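Hi,

Here is the structure I promised to pass on. Have a look at it first, and my notes follow underneath.

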Amino acid sequence: MSRMTAEIIHCNEIATIIPVKDNQQGIERLLASFFETTDKKFYPRAIIVVDNNSTKPIEIPKNFMQSDVTITSISCPKKGAGNARNEGAKLAKNHGARWLHFIDSDCLFTENTLAGYIKDANNHAIAYQGSVRAAGNDWLSIFYDANQILNPIPNFEDGILQGPLYLVTVNALVNLDAFEEVGGFDETFTVAAEDVDLGYRLATLGTLSYASSSLVKHDYLNGDHTVKNKHVLDLVKRFKKYGNGEKPILKKYGNKLKTFEETLALQLHQESPKISGSVLMSLGCVAFTEGVFQDLSEDLREHINSEIA
């Protein structure tokens, strides 16, 4: 069966979708960063903010609404960022978009967020994984960056890098036709890992590629300038959330554990054998929970333990 391909990307075919829950300040910082850094020639067709059951409804400041790009705010009563993104995708289609750019409300645009996708676009990929770096220089942000928390596991075939194994939608671009073909986000994933699941399904349809030139900055301190106890607690909650979110991934894609182990084995033989944070989450947190950690080879288990320690 032939694999699906997608045409070269143009910015006026992109709709940026932002799910948000109880993060008014984050939305304001995100939109401000868009206008501060993005050249008008890279403006998307629309920016869609999806309020996912915020305690106090999210409001878009009037100065943003009166700009040269269409900004729309809608609500999604269904729990989960995947549900919110699905609602955003429906509206994006109504706007005439052909590509969906996903970004989170605790991130910041850079001058290359959208321009980077245009630069790295090719004639075959149906989805792209952009880059993510921490916005701060504090020790916690440095920790997140060092462990590549939001970078997906690379997909190797015969030792050659093919692209990401799945997607992390803190900064990702997906062709709308492909998105609809696989049914969008699985709405049963209400905790986390809905993007991992989407990426796996997209990979059966066509090629996933890296767009390393695209960069967003993740604000792990939520606008604060120094690390506080709440930020350390957020780190623990984040890993717990990711771990719980990936439990259904293991149930749905149990055979992927072999791919995870092959990836780790490859990394162990590279010049820089640092294991990515996404691998740690999948093999460390989740595998402990599911009781499959002991099934991995001894050298890999020892290396994971040393990384976690």
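First, a question to try on the viewer: are F102 and F185 buried or exposed? Both of them are buried. Keep in mind as you read on that this is a predicted model.

Those two rings also pair up. The centres of F102 and F185 are 5.4 Å apart and the planes stand at 80 degrees, so this is an edge-to-face pair. F102 sits in strand β4 (residues 99–103), while F185 is in the loop between α6 (176–181) and α7 (194–203), so the pair ties together parts that are 83 residues apart in sequence. F185 has another neighbour too: R85 lies over the face of its ring, 5.3 Å from the ring centre.

There is plenty more of this kind, since the structure holds ten aromatic pairs. Another one of them is F35 with F64, where the ring centres are 5.6 Å apart and the planes are at 10 degrees, so the pair is stacked. F35 belongs to helix α1 (residues 24–37) and F64 to helix α2 (residues 62–65), so here the pair ties together parts that are 29 residues apart in sequence. F64 is buried, at 9% relative accessible area, whereas F35 counts as partly exposed at 24%. Both rings are also members of one aromatic cluster, made up of F34, F35, Y43, F64 and F109.

Next, a charged residue to look at: D51, in strand β2 (residues 46–51). What is the nearest side chain of opposite charge to D51? That is K21, but K21 is 7.1 Å away, and D51 is buried without a salt bridge. Its side chain does make a polar contact with the side chain of S54, at 2.6 Å. Leaving out residues up to four places away in sequence, D51 touches V20, P57, I58, I74, S75 and C76.

Finally, two backbone spots to check. D22 has a positive phi of about 55 degrees although it is not a glycine. You will find D22 in the loop between β1 (14–20) and α1, and it is partly exposed, with a relative accessible area of 41%. N53 is also a residue other than glycine with a positive phi, near 65 degrees. N53 is in the loop between β2 and α2 and is partly exposed at 37% relative accessible area.

That's everything from me for now.

Cheers

Notes
Residues numbered from 1 in each chain as written. Predicted model: local features only at pLDDT ≥ 70, side-chain atom pairs only at ≥ 80, totals over all residues. Heavy atoms only, no water. Helix = DSSP H or I, 4+ residues; strand = E, 2+ residues; numbered from the N terminus. Buried < 20%, exposed > 50% of the residue type's maximum accessible area, 1.4 Å probe, protein only. Lys, Arg positive; Asp, Glu negative; His and termini not counted. Salt bridge = Lys/Arg side-chain N within 4 Å of Asp/Glu carboxyl O. Polar contact = N/O pair within 3.5 Å; in protein donor to acceptor, adjacent residues only side chain to side chain. Contact = heavy atoms within 4.5 Å. Phe/Tyr/Trp six-rings, centres within 6.5 Å; stacked < 30°, edge-to-face > 60°. Lys NZ or Arg CZ within 6 Å of the ring centre and 35° of its normal.
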